[in-house]
Amino acid sequence: VLYAKSGMGKSSLINAGLIPAVYSEGEFEPLSIRFQAWTEGKADAPADITCRAVAPEGSATTFLDTLIPNEPSLWHHLKESQIEGRRKFLLIFDQFEELFTYPEAAVRAFKNDLAEALYAKIPQRYRNLLERQIENGSLQLSDSQFTLLQSPPDVRVVMVIRSDRMSLLNSLTDFLPTVLKNCFELPPLSLEAA
């Protein structure tokens with residue numbers, strides 16, 4: 001979590017400092033994500049916006065589709081990207097306080113999706129399906145595909161939020177218990193630091 005007062009340069013630090021540095025290191029693919037404040041009638045939910053950032057062209061076609069075709073979860077999109085050989089992901093949620101303007105159901109769906117992407121090696125629905133296929137001898141995955149399926153997607157998250165909205169992050173701890181583990185307060189920048 002990166003936090004500071006409004007106008008202190010959080011977005012500038014992300015866009016001019018962090019993202020270029022991550023690109024130059026070449027290990028992670030940084031994706032900057034903004035939800036925008038929710039308004040009545042807005043169709044896109046935070047989970048959808050996040051999935052579109054990871055897979056702007058939509059779901060790829062991989063062996064995952066032999067299990068659950070075109071599943072719209074964040075885990076599915078990240079896993080397909082991993083299968084296709086893309087780099088690890090750094091999801092950067094700028095102005096993260098906008099999440100909390102959405103209806104409770106949309107916030108809950110986002111928390112669930114992000115928690116699954118961060119903590120689940122293989123989601124339970126996939127495990128159940130694999131167990132059934134193994135039991136009845138209909139497993140359609142090769143040994144290499146099965147091994148790749150068991151390797152979790154490598155994803156990191158940065159949440160950028162105004163310091164006066166930090167308390168809102170407590171509402172995420174039911175799904176994301178480590179959300180407040182690593183917090184960095186951006187101090188006022190000197191000219192040299194900027």
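The chain has 6 helices and 5 strands. The model is a predicted one. Followed along the sequence, the elements come in the pattern β-α-β-α-α-β-α-α-α-β-β. The C-alpha atoms of the chain fill a box of roughly 65 × 40 × 30 Å along the principal axes. The chain has 194 residues, and 41% of them count as buried. The accessible surface of the chain is about 10,400 Å², with 51% of that area belonging to carbon and sulfur atoms.

Contacts show how the chain is folded back on itself in sequence terms. Among contacts with a separation of 6 or more, 73% are between residues 24 or more positions apart.

The sheet is a convenient place to begin. Strands of a sheet pair through backbone hydrogen bonds, and the pairing can be parallel or antiparallel. Here an open sheet of 5 strands has the order 2-3-4-1-5, and the pairing is parallel. Strand 2 and strand 5 (184-185) are at the edges and have a single partner strand each, so one side of each is left without a neighbour in the sheet.

The order can be followed from one edge. Strand 2 pairs with strand 3 in the parallel sense over 6 bridges. Within this pairing, Ser32 has Ile92 in strand 3 as its bridge partner. Strand 3 also pairs with strand 4, again in the parallel sense, and this pairing has 5 bridges. There, Leu90 stands opposite Arg156 in strand 4. Strand 4 in turn pairs with strand 1 (residues 2-4), in the parallel sense and over 3 bridges. In strand 4, Val160 is the residue opposite Leu2.

Helix 3 comes next. It covers residues 74-83, and 8 of its 10 residues are buried. Which residues of helix 3 are the buried ones? They are Leu74, Trp75, His76, His77, Leu78, Lys79, Glu80 and Ser81. An α-helix has 3.6 residues a turn, so residues three or four places apart point the same way. The buried residues of helix 3 form an unbroken run from Leu74 to Ser81. What covers them includes helix 2 (46-54), helix 4 (104-119), helix 5 (124-135) and helix 6 (143-149). Strand 3 (88-93) and strand 4 (155-162) are also part of the cover. After helix 3 comes Gly85, which has a positive phi, near 85°.

Helix 4 contains Glu116. Is Glu116 buried or exposed? Its relative accessibility is 14%, so Glu116 counts as buried, the cut-off being under 20%. Apart from neighbours within four places in sequence, Glu116 is in contact with Ser73, Trp75, Pro123 and Arg125. Trp75 is also one of the buried residues of helix 3. With Arg125, the side chain of Glu116 meets in a salt bridge of 2.7 Å, N to O. Arg125 is partly exposed, with a relative accessible area of 31%.

The bridge between Arg125 and Glu116 belongs to a set, since the structure holds 10 salt bridges. Another one links Glu98 and Arg34, whose closest N and O atoms are 2.5 Å apart. Why does this pair tie together parts that are 64 residues apart in sequence? Glu98 is in the loop between strand 3 and helix 4, while Arg34 is in the loop between strand 2 (28-33) and helix 2, so the bridge joins those two loops. Glu98 is buried, at a relative accessible area of 9%, whereas Arg34 is partly exposed at 30%.

A further salt bridge brings the account back to the sheet. Arg156, which is opposite Leu90 in the pairing of strands 3 and 4, forms a salt bridge with Asp154. The closest N and O atoms of Arg156 and Asp154 are 2.3 Å apart. Both residues are partly exposed: Arg156 has a relative accessible area of 44%, and Asp154 has 25%. Through shared partners, salt bridges join Glu27, Lys88, Asp154 and Arg156 into one network.

Charge can also be described for the whole chain. The chain has 19 positive and 25 negative charges. The mean positions of these two groups are 4 Å apart.

Note on methods. Residues are numbered from 1 along each chain as its sequence is written. This is a predicted model: local features need pLDDT of at least 70, side-chain atom pairs count only at pLDDT 80 or more; totals for chains, interfaces and linings use all residues. Side-chain values use heavy atoms; hydrogens and water are left out. Buried means under 20% relative accessible area, exposed over 50%, partly exposed in between (1.4 Å probe, protein chains only). Helices (H or I, at least four residues) and strands (E, at least two) are DSSP runs, numbered from the N terminus. Contact means heavy atoms within 4.5 Å. A salt bridge is a side-chain nitrogen of Lys or Arg within 4 Å of a carboxyl oxygen of Asp or Glu. Accessible areas come from the Shrake-Rupley method with a 1.4 Å probe; for residues, only the protein chains shown count as cover. Lys and Arg count as positive and Asp and Glu as negative; His and the chain ends are not counted. The place of a charge is taken as NZ of Lys, CZ of Arg, CG of Asp or CD of Glu. Two strands pair if DSSP finds at least two bridges between them.
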